[in-house]
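Visitor: Could you take me on a close look at the salt bridges in this structure? I'm a first-year student, so please explain the terms as you go.

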Amino acid sequence: MGTEKLKEAQREEKAVGEELTGGKLRESYSYHVRYADAGHDCQAEICVTKSHRYGYDLRLTLGGYIFVGSNLCDFELEDPSQAEAAAREFCLMKWGGYAAYGDRIMPYAYALQRYSMEVEIPVEAERRENGERVAGIIRIAYRMEACDSSRAHSRCYCDDREIYLDDTVCTEFSLTVDGHIYKADRPTTYFEQALLQICKKCGREYLLRCCFTCQYSDYSPYGCDDFGSMLCYREHKEVYLTVNDKAGYFDRLEGLDCEIEQETSVCGEFEERARCEGYRGMVDGIGGVGT
């Protein structure tokens, strides 16, 4: 099964799971990016809006065209009717047009390729020494480059023709706070893996206050995207505190109303993850774990 077939199947499965949990979303917001490709080098904004399908949409406007994705690496042209004109300014890869499930034909989509991006996401941190809250910035730098065609996971289809979307090469995932920079040793655009590294490094000096480090957030056992699909159980705190494994999740959390958030978000009900493991487990550097 090609990458995009698998991805679409996973999204449909997750959408079913989120219908059961009644996921809710908060209002839209944005963060700053620098975009570059063969013909562009510009500042822009990614606007984060509620998705009609699952979680959040990331909306990037470039040269009058809107590109939409669910994470930082899957931007596609929002209006396929603009593909011919947009292809004169940007590198686009057409995919789709094949039978995915029975008689269903995947619609054509136009993926943004061969570019680099630097993304800055504002976050909140807390000094361990005195509990003061301070502003921080998570910075992600990555590029989309010609894929290694020997890697099966890069494969998808346009009609009946096998094609390869660009590979993502992440060169930086870091947290800057109070002038200190904490960098992931193995940078990746997969936020769970990257934030595990960051929290382990900064945990003695700073608590990164966000959904990822919160006691009441978790990932869905149905699967998750690289970014932006955390489930918030702040409306069911006492129930969540009884969950310490996958079986406990299905037994006590499935079907309960929840909210869908990005890992970097935070609300007034934040509590450091220290009291139970939930489905996803504990986080090194958080709640006294690994420090």
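Guide: Here is a walk through the salt bridges, with a short stop at the cavity at the end.

Before we start, this is a predicted model, so local features need pLDDT of at least 70, side-chain atom pairs count only at pLDDT 80 or more, and totals for chains, interfaces and linings use all residues. Residues are numbered from 1 along each chain as its sequence is written, and side-chain values use heavy atoms, with hydrogens and water left out.

So, what are we looking for? A salt bridge here is a side-chain nitrogen of Lys or Arg within 4 Å of a carboxyl oxygen of Asp or Glu. The structure holds 17 of them.

Let's begin with D185 and K201, whose side chains meet in a salt bridge at 2.7 Å, N to O. This pair links distant parts of the chain, 16 residues apart: D185 sits in the loop between β15 (180–183) and α3 (191–202), while K201 belongs to helix α3. (Helices, H or I with at least four residues, and strands, E with at least two, are DSSP runs numbered from the N terminus.) How open are the two partners? D185 is exposed, with a relative accessible area of 56%, and K201 is partly exposed at 36%. Those words have cut-offs: buried means under 20% relative accessible area, exposed means over 50%, and partly exposed is in between, using a 1.4 Å probe and protein chains only.

Next up is D251, which forms a salt bridge with R252; their closest N and O atoms are 3.2 Å apart. D251 counts as exposed, at 58% relative accessible area, and R252 as partly exposed, at 31%.

Then there's R275, whose side chain meets that of E271 in a salt bridge of 3.1 Å, N to O. R275 has 52% relative accessibility, so it counts as exposed, whereas E271, at 25%, is partly exposed. Elsewhere, salt bridges that share partners tie E124, E126, R133 and R209 into one network.

Last stop: the cavity. On a 1 Å grid over the protein atoms alone, that's a set of points where a 1.4 Å probe fits but cannot get out, and lining residues have an atom within 4 Å of a point. A search of the whole structure turns up one cavity of 30 Å³ or more. The lining of the largest cavity is made by Y54, G55, Y56, S70, D225, F227 and G228.

How values were computed:
1 Å grid on protein atoms, 1.4 Å probe; cavity = no way out; pocket = protein on both sides within 12 Å on 5 of 7 lines; lining within 4 Å. Points joined across faces, edges and corners; volume = space filled by probe spheres on them.
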